[in-house]
Amino acid sequence: MACVNPDPLAAAAVESAPDAIVALDLRFRVILWNRAAERLFGWRADEITGREPAIVPDELMAEHHAVLERVAAGGDVSIATRRFRRDGSLVDVRISTGALRDSEGRLTGWISVLRPYEEDEAAQHHVAERARLVRRLTDVVADINTELDLPSLLDRIVVSLTELTGADAGGFTLIEGDRLRLVSLTGLPEHLRNDTADLETSLVGELQRSGKAVMLATGVTRSLDELIWSELSGLHTIALGLSYVQGRPYGALYALYSRRKVGHVELELLELLAGNAGVALSNAMAYADLKRQRAHERAVIDSSADGIAVLDDAGHVRQWNPAAGVLTGISAEDVMGKPLPFPLPGQDASVTHQLANGRWLEILVAGIPETGERVVDFRDVTKSKELDEAKDLFMATASHELRTPITVVQGFASTLVNRWEHLSDDDRHGAVATIAERAGSLGRLVEQLLLGSRAGTGQLSVTNAPFDLGKLIVGTSVAFRTLTDRHTLVVDVPDDLPDAYGDAMASDVVIGQLLENALKYAPDGGPITVTAWAEGSGHDAAIVVQVDDEGVGIAPGDHDRIFERFVQGEAGDRRRFGGIGLGLYIVRRLVRAQGGEITAESRVPRGTRMRMTLRTAASVSLDSEDNSRSGESAPDSF
């Protein structure tokens, strides 16, 4: 068809033609609508001319535009399809479409001749339409099964519902106990999302009680005015279908109609889509559960203090938690896809390995038979390793320290037993004195071992009370002056030093140990200075005691380490100084039990300064008074 002839005779022929003839301009507005078109569709020419006719179903709109584009490119097209009537019903028609062109051949619109199907043509079209719907349903099912995000999936299902069934709007309601919640919608106001309703009195409740999968509700059989769907203007029919997840009703699909009628085809499509939606929802929920489980596992792994690595079947790192990076000094970016930077033990075994950074790791591995992966757990055992080594060294040193006095005691005791008559009184007296002195050394060593054991188990008890710390310092220092002729012991304690709060016996042990260390670690002699003074006021008043020597000093990095068990400064020269490495460990525990603190620092150019701080009795008394006023009881010890 090339053009519309404006000749009156031709116009009369078009007007009286038995087939519907419709012409559209380039903006798809009606410029010709004959009487047969009026009869076929129900609109008069004066009602529809100049408007775009609402006769093409949404799902056939793409097909309609494709026909017009093909005609515009040249040639006529004839197809069998469906069109809406004014009352919303569908009619099967065959449409032959051609181009309208002006005298210069330019496209000005389209003209179509539409005739209803004969019965055989209608049957053929029905078969073709069914095939098209099956293909469309297959595409929709494939599409929704690719979506694993639950909210997005629900939105896709609702949009697919309106495309398949020609519904004017749609929604998905979730069954939550005895309530319904609208979780997805299309063609409806957004403010309706998450609205809830009572399940028992709802259409879904009615459908569940019926035992069917789908149902229709119309304004004739049931009032729709009170439903939230009534916000869809002209709503006359609701089709709904249940979706099941793991055999239980999960929610319902609603197809809402305000313009067209609903037939068995639409209801069948709704039932099929609701069933396939249940499968897609099951998949999405399983995926969500898997994601939550993986997220939980990831959180556990990431928060673990142990290093954790996951290896693939080739032994390459596929997962590396933050602790693994901290322990090894190797970031995840540097290790991913590569072998582990340390050896692996056998299955259900462990291995201890030292890294290049000096850190010791205990490594365990477990296999995952289903995937061929291996999970490697490794933890820092450096301190444990060092403690084991220190204990070994302690045992060797303690044995040595015990063996010497025991050997001397045994030797002199044997001499006295076997040669008593041959020894002079002076020799016998000297031997007994040596035995007594060595027995005293053994006693002190055993006492230190006992104190160290109690300190390690938290059983080192003290009884705190006010005492004269200045007098204690002077008395202890005087006793140590007789033990050396190579050192000069200087004591500087003011006469007005306030009373300290603590345990006098524990403080005596502390001062004695500090002086003993000063003598031991300054073997070449020199001055040893003991100084005490008060500082601060009120609640913060304290007494500071310092012991300075000019001995070998403390190696860098050992200023806090020397207070640990089985550790000595100058550990490499342990035999030179003797001892079992418990003295300063006991000292710190005793000072802290009195509510004080002790530190060590190196002096310039050489030597060590030990600094102990205890609270004054007056400051503790102020605390007690404040507690009494506030109704609290002050503790009598720290």
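**Figure 1. The largest nonpolar core of the predicted model.** Of the 39 residues that make up the largest nonpolar core, the ones that touch the most other members are Leu469, Ile473, Leu514, Leu515, Val545 and Met612. At least two residues of this core come from each of several elements, namely helix 13 (469-481), helix 14 (504-520), strand 20 (526-535), strand 21 (542-549), helix 16 (583-593), strand 22 (597-602) and strand 23 (608-615). Apart from this core lies another one, of 25 residues, which includes Leu153, Leu161, Ala280 and Leu281. As the structure is a predicted model, local features are described here where pLDDT is at least 70.

**Figure 2. Leu469 and Ser507 in contact.** When neighbours within four places in sequence are left aside, Leu469 is in contact with Ala500, Ser507, Ile543, Val545 and Leu614. One of these partners, Ser507, lies in helix 14, and it counts as buried because its relative accessibility is 0%, where buried means under 20%. Not counting residues up to four places away in sequence, Ser507 in turn touches Phe467, Leu469, Leu472, Gln594 and Leu614. Leu614 is therefore a residue to look for in this view, since it is listed as a contact of Leu469 and of Ser507, which is buried at 0% relative accessibility.

**Figure 3. Helix 16 and the residue that follows it.** Helix 16 is largely enclosed by the rest of the structure, because 9 of its 11 residues are buried. The buried residues of helix 16 are Gly583, Leu584, Tyr585, Ile586, Val587, Arg588, Leu590, Val591 and Ala593, a list in which the charged residue Arg588 stands beside nonpolar ones such as Leu590 and Val591. Just after the helix, Gly595 takes a positive phi of about 80 degrees.

**Figure 4. The hairpin of strand 14 and strand 15.** Strand 14 (residues 350-354) and strand 15 (residues 360-368) run antiparallel, and 5 bridges join them. To follow the pairing by eye, the student may begin at Ser350, whose bridge partner in strand 15 is Leu364. This hairpin has 5 residues between the strands, and Gly358 takes a positive phi near 90 degrees.

**Figure 5. The hairpin of strand 15 and strand 16, with Gly372 in its turn.** Strand 15 also pairs with strand 16 (residues 373-380), in the antiparallel sense and over 8 bridges, and within this pairing the bridge partner of Gly367 in strand 16 is Arg374. The two strands form a hairpin with 4 residues between them, and in the turn Gly372 has a positive phi of about 80 degrees. Gly372, which lies in the loop between strand 15 and strand 16, is partly exposed, with a relative accessible area of 34%. Leaving aside neighbours within four places in sequence, Gly372 is in contact with Asp312 and Asp313. The C-alpha atom of Gly372 is separated by 8.8 Å from that of Leu311, although these two residues are 61 residues apart along the chain.

**Figure 6. The second largest cavity and its lining.** A search of the whole structure finds 2 cavities of 30 Å³ or more, and the second largest of them has a volume of about 30 Å³. Its lining is made up of Pro57, Asp58, Glu59, Phe84, Gly166, Arg259 and Arg260. Sorted by class, this lining has 2 nonpolar, 1 polar and 4 charged residues.

Terms used. Residues are numbered from 1 along each chain as its sequence is written. This is a predicted model: local features need pLDDT of at least 70, side-chain atom pairs count only at pLDDT 80 or more; totals for chains, interfaces and linings use all residues. Side-chain values use heavy atoms; hydrogens and water are left out. On a 1 Å grid over the protein atoms alone, a cavity is a set of points where a 1.4 Å probe fits but cannot get out, and a pocket is an open set with protein on both sides within 12 Å along at least five of seven lines; lining residues have an atom within 4 Å of a point. Grid points are joined across faces, edges and corners, and a volume is the space filled by probe spheres set on the points. A nonpolar core is a set of buried Ala, Val, Leu, Ile, Met, Phe, Trp, Tyr and Cys residues joined through side-chain atoms within 4.5 Å. Buried means under 20% relative accessible area, exposed over 50%, partly exposed in between (1.4 Å probe, protein chains only). Contact means heavy atoms within 4.5 Å. Two strands pair if DSSP finds at least two bridges between them.
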